[in-house]
Amino acid sequence: MRAILAKTLVAQAQNSDFVFLTGDLGFMALEPLRDVAKERFINAGIAEQNMVSVAAGLAHAGLRPWVYSIAPFIYARAFEQIRNDVCLHNLPVFLVGNGGGYAYGVMGPTHHAIEDYGTLLGLPNLTVYVPAFAADVPPAISRLMTAARPAYLRLGRDEKPENFTVPPYAPWRKLLSGEGATILLVGPLAGGILAAAQPLPKSQRPNLWVLSELPVMATEIPATFIADLEQSGHLIVVEEHVAQGSAGAALAHALLCAQKPPRRFTHRFACGYPSGYAGSQLYHRQECGLDPSSILKLLSIAP
Amino acid sequence: MHFEARVGHIGGNLSSLELMLTLHHRVMELDDQFILSKGHAAGALYVTLWSMGRLTEEQLATFHSDHTKLGGHPVPYGIPDIPFAIGSLGHGLGLAAGLALGRRLRGQPGRVFCLLSDGEWNEGSTWEALTFIAHRNLREVVLLVDLNGLQGFGPTAEVVNLGSLARKLREFGLEVREVDGHEPDAIEQSLRAPLGDRPLAVVARTVKGHGVSFMENKMEWHYLPMTAEQYRMAVEEASRL
């Protein structure tokens, strides 16, 4: 998704309020943006706290800064700067965290981002964008620029199945219809689960939804999603994020408050590092039951 | 004001007061901005803004009370002269750098003055901002350091000894001018003298609790509110200055 981020921002670089800061990352991806944005492309060095404060100052001066790094180096290292300097003042600073969830795989837990949006969603004024497919990145960027508020864009690796046409971007989208459980997915893991579910007979095939913007707003849950829930009776939420601060927890809360709890609720979330070993993104997903075959097994459970 | 609100932080306010008053009355121009990185000196900032006619007597009287825009540290509720809420140390210099860089990129005039404490050079983010400013030669930022030698729980020399901050700032590539931070003429001169080709830092030697003998250089006045008798004595002493 980095390549499409760079390509999308190249088209923005001539705007008078454009400025891009990176924490000394982006090799083999951001060079085209650097070449076009020139003095508006700022390598702030390996100093993320200062980078976020500088971005807040730039935003206060009328610019709309992008701030890029590997995800945890933004949301964890510079959390107080995001909280005090950006969010308290509702400034249009657009944080981009590359490598959502276990995307950095065997590079290890220091580089993973499995509590990013839960951490950030406690802050005022901030919206989180989690594209599921590379094709979602340009419209998500368009929406966050229009909102002009603090934003966190969580990028991952595109896992779109071949021959699947991504429906137009929206915070809530239905990817697949069936008569089975209702599944809500967050982020790129949607691709593999979609590919696994497509061939199932209609009676088992789930209603597959993907959620791309957080926090979960009760008023924005589509009526068709609620109808799917009522018909299927079993809600499964799958996300590469810990349970605390998760989309699943927020959705369960919203459904309870609306007196519309599903008859059965299953939540699959990032469970940390149960074996104590490092591995690929798929390895960590498998450990947590987030991989397609683990999710398929859930579909045989009666509501 | 601090007496009426029964609040502390008076020591670090008094060490900064002449710096802020001189800067605002004699140095800053219309396009300039001020960032108070040592947010606990908010009282001195409010008094300075009041003395400039930027805050009213009525606003000042709400200091530290319910439903006020003048909290113990600057709050983010829309006072135009206070661009950012700052209380946690180590934020101001990066914010000032961003404001200054924004001016440069947009071709706008003006400088950004940032007042820091000496204690906040314990914070790594302050050094991050310093290297950023030095590397980009952000001459639009002017640093003022209130070198009062006392921090939260002891003398700076005993908590984390800075050694010579002036020398360190020079080594990092700034132009450094050292002044007595309670001498308005010296402060003005240090800020108005023609700039070299590097960003300027004015390192001001100050006394915590300056002007009130029983407060001077006493760490407890980082925290304590005054009794009525102490307030009477302080006003009497200060009025003789």
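Begin by selecting helix H9 of chain A, residues 223-232, and colour A:Asp228, A:Leu229 and A:Ser232, which are the buried residues of this helix. The model on your screen is a predicted one. If you turn the view until you look down the axis of H9(A), the buried residues fall within an arc of 100°, so they line one face of the helix. On the other side of H9(A) you can pick out A:Ala223, A:Ala227, A:Glu230 and A:Gln231, which are exposed. Now add what covers the buried residues of H9(A), which includes strand E8 (182-186), strand E9 (207-211) and strand E11 (234-239) of chain A. Before leaving, click on A:Gly233, which follows H9(A) and has a positive phi, near 80°.

**The loop before H9 of chain A**

Step back to A:Pro215, which is found in the loop between strand E10 (213-214) and helix H9 of chain A. Select A:Leu214 together with A:Pro215, and look at the peptide bond that joins them, which is cis, with omega at about 10°. As background for this stop and for the loop that comes later, most residues other than glycine have a negative phi, and most peptide bonds are trans.

**Helix H1 of chain A**

Go next to helix H1 of chain A, residues 2-10, and highlight its buried residues, A:Arg2, A:Leu5 and A:Leu9. Viewed down the axis of H1(A), these buried residues fall within an arc of 55°, so they line one face of the helix. What covers them is drawn from several elements of chain A, including strand E1 (18-22), helix H2 (31-37), strand E3 (64-70), strand E4 (94-98), helix H7 (137-147) and strand E6 (151-155).

**The loop between E1 and H2 of chain A**

Two residues deserve a click here, and A:Asp24 is placed in this loop between E1 and H2 of chain A. A:Asp24 has a positive phi of about 65° although it is not a glycine. Is A:Asp24 partly exposed or buried? A:Asp24 is partly exposed, because 14 other C-beta atoms lie within 10 Å. Move on to A:Met28, which is also found in the loop between E1 and H2 of chain A, and which has a positive phi of about 70° although it is not a glycine. A:Met28 counts as exposed, because it has 7 C-beta neighbours inside 10 Å.

**Where chain A meets chain B**

Now show both chains, and select the contact between them, which takes 22 residues from chain A and 21 residues from chain B. On the side of chain B that touches chain A, helix H5 (92-106) and helix H6 (124-135) of chain B each supply at least two residues. The largest share of that side, 11 residues, comes from H5(B). Coloured by class, the residues of the side of chain B that touches chain A divide into 12 nonpolar, six polar and three charged.

Keep H5(B) in view and add helix H3 of chain A, residues 48-60, which packs against H5(B) at an angle of about 45°, with the axes 6 Å apart. H3(A) and H5(B) are therefore oblique to each other, and H3(A) passes H5(B) in a right-handed crossing. Among the residues that meet here are A:Ser53, A:Val54 and A:Gly57 in H3(A), together with B:Leu95, B:Gly98 and B:Leu99 in H5(B). By class, the contact of H3(A) with H5(B) has nine nonpolar, seven polar and no charged residues.

Next, keep H3(A) selected and bring in H6(B), where the axes of the two helices come within 8 Å and cross at roughly 65°. That angle makes H3(A) roughly perpendicular to H6(B), and H3(A) passes H6(B) in a right-handed crossing. Select A:Gln49, A:Asn50, A:Ser53 and A:Val54 in H3(A), which meet B:Ser125, B:Glu128, B:Ala129 and B:Phe132 in H6(B). The residues of this contact divide into three nonpolar, four polar and one charged.

**A last stop in chain B**

Finish at B:Ala234, which lies in helix H10 of chain B, residues 228-239. B:Ala234 is buried, because 21 other C-beta atoms lie within 10 Å. Leaving aside its neighbours within four places in sequence, which residues is B:Ala234 in contact with? B:Ala234 is in contact with B:Val212 and B:Met226. The C-alpha atoms of B:Ala234 and B:Val212 are separated by 5.4 Å, although these residues are 22 residues apart along the chain.

Technical notes
Residues are numbered from 1 along each chain as its sequence is written. Chains are lettered from A and ligands numbered from 1 in the order in which they are written. This is a predicted model: local features need pLDDT of at least 70, side-chain atom pairs count only at pLDDT 80 or more; totals for chains, interfaces and linings use all residues. A residue is buried if 20 or more other C-beta atoms lie within 10 Å of its own, exposed if 12 or fewer, and partly exposed in between; C-beta atoms are placed from the backbone. Helices (H or I, at least four residues) and strands (E, at least two) are DSSP runs, numbered from the N terminus. The arc is that of the directions from the helix axis to the C-beta atoms. Two residues are in contact if their C-beta atoms, placed from the backbone, lie within 7 Å. Ala, Val, Leu, Ile, Met, Phe, Trp, Tyr, Cys and Pro count as nonpolar, Asp, Glu, Lys and Arg as charged, and the others, Gly among them, as polar. Axes are lines fitted to C-alpha atoms, for helices over the stretch in contact, and angles run from 0 to 180 degrees between N-to-C directions. Angles under 35 degrees count as roughly parallel, over 145 as roughly antiparallel, 65 to 115 as roughly perpendicular and the rest as oblique. A crossing is left-handed if the near helix is turned anticlockwise from the far one by less than a right angle, and right-handed if clockwise.
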